[in-house]
Amino acid sequence: MTSTAPRTVIQPDGAAKPRDVGLSDKELIHAYRTMLRVRAFDETCLKLQRSGRIGFSIPNRGVEATQVGAAAALKKTDWLFPSYRDFGMALYHGISAEAMMHNMYGDALDSAKGRQMPVHFSFTDPIRFFSISSPIGTHIVQAVGAAYAMQYRKEKHVVLASFGDGGTSSLGFHSGLNFAGVWKAPVIFLCQNNQWAISCPSEKQTASDGYAVKAEAYGMPGVLVDGNDLLAVHQAVSEAAERARKGGGPTLIEARTFRMGGHSTSDDPTKYVPKAMVAEWEKKDPVARFEKFLKKRKLWTEKQREQWYAEAMAEVDAASKAAQATPRPALETIFSDVYATLPAHLRRQGQQAFDIAKRHGEAEAGDGAFPL
Ligand SMILES: Cc1ncc(C[n+]2csc(CCOP(=O)(O)OP(=O)(O)O)c2C)c(N)n1
Ligand SMILES: [Mg+2]
């Protein structure tokens with residue numbers, strides 16, 4: 001759709017200029033193994049949803065390089081305001097598959113105590129991973145507010161707000177970018193242009209020549225990058241983070257990629273995505289592209305891949321077994337962490353509900369159907 005070519009680092013044969021690599025061999029392997037773990041987590045969640053064990057998931061195949069490349073450019077002390085498709089950002093920075101799986105099941109060990117939808121993670125340790133919002137674009141203004149707070153407190157952290165192409169039609173996008181531009185807030189806007197907002201294609205989303213060009217209107221640089229090239233994304237986000245840390249203000253990055261699955265487990269992409277488009281992007285698989293690069297650097301073999309993938313699957317498998325064996329959050333926890341002092345009328349209402357549940361038993365678990 002855009003006339004400009006996206007920035008790339010990894011060439012079709014896997015070659016990359018040494019000065020563009022930007023990560024140590026250890027970090028490169030960690031990034032690669034994170035992509036394998038994202039894939040293992042994603043595939044497992046799809047099966048768990050189809051077999052009725054969890055209610056909902058968000059397919060990730062095809063967009064792994066954007067998420068992992070962006071996460072690799074940030075420090076643990078930076079702030080992430082992710083979107084629901086950002087499994088890789090959490091996994092890269094040390095969140096375990098098990099912690100994520102407790103959220104998928106909404107069980108007693110879920111960091112959100114079962115109050116959020118599946119894939120709506122929130123973590124405070126070891127990263128600052130702000131609770132994912134379902135309403136599109138709302139977290140963009142929250143991210144700008146957090147960045148403005150960093151600036152005010154003279155902290156050198158930066159904030160990453162990640163959202164989709166559809167997110168650019170939200171009011172949050174326009175007001176967020178406007179204020180970030182005016183305040184020169186230390187925030188990086190990462191638009192993951194996976195070409196679809198559920199079933200709405202990009203050409204019906206915007207009349208602009210892509211999304212990066214929108215930056216000009218808000219007085220910040222706009223960068224178009226190949227989202228299936230982990231090193232190109234890492235480079236663009238690193239540059240934006242460095243500028244933001246030095247007081248240079250925000251950047252809008254458009255990472256051009258493609259969602260190989262549905263928007264969520266609730267829709268059927270074969271009804272609206274042309275087959276030829278899927279076939280074209282299958283050839284640009286971000287994991288295979290990174291493998292070519294690693295192989296040229298003598299960091300990758302097929303055998304090693306098999307072993308790492310098996311390890312990733314074992315980790316995710318153990319995580320889902322652990323989550324399945326964990327009870328639901330106790331009914332009594334519904335008010336935990338909500339009020340410093342619980343208002344008397346809620347305490348009364350809560351007590352009535354707890355007494356009824358004691359006498360008649362709690363509601364049965366659902367059949368896995370999810371109304372979205
Ligand atoms: C304010 C609001 N309007 C509509 C929706 C329904 N909705 C959920 S996801 C989505 C599309 C988002 O597309 P995009 O930003 O491209 O993200 P992607 O799913 O492609 O990663 C819509 C319209 C919503 N969640 N919030
Ligand atoms: Mg999209």
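**Ligand shell, helices and domains**

Visitor: How do the residues of the shell around ligand 1 divide by class?

Guide: The shell has 6 nonpolar, 7 polar and 3 charged residues. Nonpolar means Ala, Val, Leu, Ile, Met, Phe, Trp, Tyr, Cys or Pro; charged means Asp, Glu, Lys or Arg; the others, Gly among them, are polar.

Visitor: What am I looking at, and how is it numbered?

Guide: This is a predicted model: local features need pLDDT of at least 70, side-chain atom pairs count only at pLDDT 80 or more, and totals for chains, interfaces and linings use all residues. Residues are numbered from 1 along each chain as its sequence is written, while chains are lettered from A and ligands numbered from 1 in the order in which they are written.

Visitor: Which residues are closest to ligand 1?

Guide: I136, G164, G166, G167 and A197, out of 16 that surround the ligand. A residue counts as near if its C-beta atom, placed from the backbone, lies within 6 Å.

Visitor: Which elements give two or more residues to that shell?

Guide: Strands β3 (159–164) and β5 (196–197). Strands (E, at least two residues) and helices (H or I, at least four) are DSSP runs, numbered from the N terminus.

Visitor: Now helices. At what angle do α1 and α11 pack?

Guide: About 45°, with their axes 9 Å apart. Axes are lines fitted to C-alpha atoms, for helices over the stretch in contact, and angles run from 0 to 180 degrees between N-to-C directions.

Visitor: What do we call that arrangement?

Guide: α1 and α11 are oblique to each other. Under 35 degrees is roughly parallel, over 145 roughly antiparallel, 65 to 115 roughly perpendicular, and the rest oblique.

Visitor: Which residues meet there?

Guide: In α1, they include R33, L36 and F41; in α11, they include W308, Y309 and M313. Contact means C-beta atoms, placed from the backbone, within 7 Å. By class, this contact has 9 nonpolar, 2 polar and 3 charged residues.

Visitor: And how do α1 and α2 cross?

Guide: The axes of α1 (residues 25–50) and α2 (residues 64–72) come within 10 Å and cross at roughly 140°. That makes α1 oblique to α2.

Visitor: Switching topic. Is the D125 to P126 peptide bond cis or trans?

Guide: Cis, with omega near 5°. P126 sits in the loop between α4 (97–105) and β2 (128–129). K113 has its place in the loop between α4 and β2. K113 has a positive phi of about 55°, although it is not a glycine.

Visitor: Why point those out?

Guide: Because most residues other than glycine have a negative phi, and most peptide bonds are trans.

Key. Contact = placed C-beta atoms within 7 Å.
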